[in-house]
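Please look over the sequence and the model shown here before reading on. The text below walks through the structure one part at a time.

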Amino acid sequence: MATDVNPFESLQEQIDDAAAHMDVGDDVLARFKRPERVLETTLSVTLDDGSLGTFEAYRSQFNGDRGPYKGGIRYHPNVTRDEVKALSGWMAYKSAVVNIPYGGGKGGIALDPKEYSLTELERITRSYAAELRPLVGPDTDIPAPDVNTGQREMNWIKGTYETLENTTAPGIVTGKAIESGGSEGRLEATGRSVMLTAREAFSYLGTDLADATVAVQGYGNAGSIAARLLEAEGASVVAVSDSSGAVYDENGLDAGAVREYKTETGSVTGYGGVEERSNDDLLTADVDLLIPAALENAIDADLAEDVEADVIVEAANGPLTPDADDVLTDRDVYVLPDVLANAGGVTVSYFEWVQNRQRFYWSEEQVNDELETVIANAFADLTSAFEDQDLPNFRMAAYVVALRRVIDAYEQGGNWP
Ligand code: NAD
């Protein structure tokens, strides 16, 4: 894994590359390459043994020209200021790609949640929520889950905000449990948009998803649900991995059973006595469809030379380095970018927020139907840009479409002061 690439520099390079195909001045472009605001704070929390724990925490608000800042909160030891800035930028462009009325934000705490008890995690999360309070709100900045956070953390943040503000505000976060104002379909939404994007891509390329073999790197929320939904479309999931390693079965794994095994044991390795491989082997497996669903920079230029898949659908944010992207474009591997493929999470977050504001809730079927429409429309917008402007790849098409939408919103609003 190439961990030495700075994700914020990757984001800026992607924006520059897209701008080269657009009529936009460097002065205006500079505004869209950096966050508007970054909170960096040190949380001080009493741990169970009575000692004081300190934790670096961040919230980046990248761009709010199209609506409230929107984006997840990550708990991971590798969280840095630059990573959070990059992820917030990808959120701004992702919301624009799927044309939902949000800007981009992202937050994180540098910690490994496995090292802390439940009560410690709750105190850390509530301390972070208190720090966020002046910045967030249902009309200003709306956090959501990301790596190692979920409904539990969202409910704590909502509870803290509501207590401090003496109000009820379910729309302050998305990704909540249903009982706390969450949406049907939200848990599955990212995996579902990965499946929908793959389906659109295979249909665009004139091949049948039902005949495809699939490898999934990262068997968490996004990866395991994408695997299960792809299996339901008839595809054969032959390899999956998590941080402990990869399992492979050329006859197809049972995606749901692997997920259950991981829930019980904590990892996919050891599942069903099938062949085990290294994480790098999974990324270069001879499959039709590769789904990186772990962390950023999973595939660098060297690894990209050995990728055997015909199509990559990015469930993770930023899983390819820019150099890897160039190699894959040269090798005619179709890469469906993160800003489209994993946009189901933010799209159903948007539906959740709409329901919270209306205090009126939709069925799962309605959520899934609306999501399908959003992804299909976004895919059509991307393929139009890809073909009409003769762009080198779908990522470029996504950034050209998104950057245009964000710049238009900014220019229509004008500058102040
Ligand atoms: P998660 O914590 O549920 O799962 C991550 C998985 O990746 C885990 O199984 C972990 O073991 C595995 N992993 C970590 N390092 C690995 C490695 N080196 N090789 C193989 N596997 C490895 O997280 P998630 O919510 O599924 O998020 C995964 C990615 O999808 C992230 O990039 C996240 O930003 C992106 N994403 C998630 C959502 C969402 O709604 N969950 C939405 C948009 C984007």
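The paragraphs that follow take up the domains, the core, the ligand and then three single residues.

The model is predicted. Its protein chain is assigned two domains, domain 1 covering residues 34-180 and domain 2 covering residues 189-338. Between the C-alpha centres of these domains the distance is 28 Å. Where the two domains meet, 9 residues of domain 1 are in contact with 5 residues of domain 2.

The domains can also be linked through the interior. Nonpolar side chains in soluble globular proteins tend to be buried together. Here the largest nonpolar core holds 89 residues, and Tyr93, Leu289 and Leu403 have the most contacts inside it. Helix 15, residues 394-413, is the element that gives the most to this core, contributing 12 residues. Both domain 1 and domain 2 supply at least three residues to the core. Leu289 shows what such a position looks like: setting aside residues up to four places away in sequence, Leu289 touches Ala198, Phe202, Leu209, Thr213, Val214, Ala215, Leu230, Ala309, Val311 and Val313.

The ligand comes next. It is surrounded by 24 residues, and the closest are Asp146, Thr190, Asn221, Ala222 and Asn317. Thr190 also makes a polar contact, with a polar side-chain atom 2.7 Å from an oxygen atom of the ligand. The side chain of Arg74 has an N or O atom 3.0 Å from a ligand oxygen atom. For Asn279, a side-chain N or O atom is 3.4 Å from a nitrogen atom of the ligand. On its own the ligand exposes 820 Å², of which the protein buries 85%. Helix 7 (221-232) and strand 7 (236-242) are the elements that give two or more residues to the shell around the ligand.

Between those two elements is a loop, and Ala235 has its place there. Is Ala235 buried or exposed? Ala235 counts as buried because its relative accessibility is 6%, and the cut-off for buried is under 20%. Apart from residues up to four places away in sequence, Ala235 touches Leu209, Ala210, Ala212, Val214 and Leu230. Among these, Leu209, Val214 and Leu230 are also touched by Leu289. From Ala92, 143 residues away along the chain, Ala235 is separated by 32 Å between C-alpha atoms.

His76 also sits in a loop, the one between strand 3 (69-75) and helix 3 (81-97). At 16% relative accessibility His76 is under the 20% limit and therefore counts as buried. Which backbone atom does the side chain of His76 reach? That atom is the backbone nitrogen of Asn78, at 3.0 Å. Beyond its neighbours within four places in sequence, His76 is in contact with Ile109, Ala110, Leu111, Val147, Asn148 and Leu295.

Phe379, in contrast to these loop residues, lies in a helix, namely helix 14 (residues 364-388). Phe379 is buried, since its relative accessible area is 4%. Leaving out residues up to four places away in sequence, Phe379 touches Thr197, Glu200, Ala201, Tyr204, Leu336 and Leu340. Between the C-alpha atoms of Phe379 and Gly414 the separation is 30 Å, with their positions 35 residues apart along the chain.

Conventions:
Residues numbered from 1 in each chain as written. Predicted model: local features only at pLDDT ≥ 70, side-chain atom pairs only at ≥ 80, totals over all residues. Heavy atoms only, no water. Core = buried A, V, L, I, M, F, W, Y, C linked by side-chain atoms within 4.5 Å. Buried < 20%, exposed > 50% of the residue type's maximum accessible area, 1.4 Å probe, protein only. Helix = DSSP H or I, 4+ residues; strand = E, 2+ residues; numbered from the N terminus. Domains from an automatic or database assignment. Contact = heavy atoms within 4.5 Å. Near = heavy atom within 4 Å. Polar contact = N/O pair within 3.5 Å; in protein donor to acceptor, adjacent residues only side chain to side chain. Areas by Shrake-Rupley, 256 points an atom, 1.4 Å probe, with all protein chains shown as cover.
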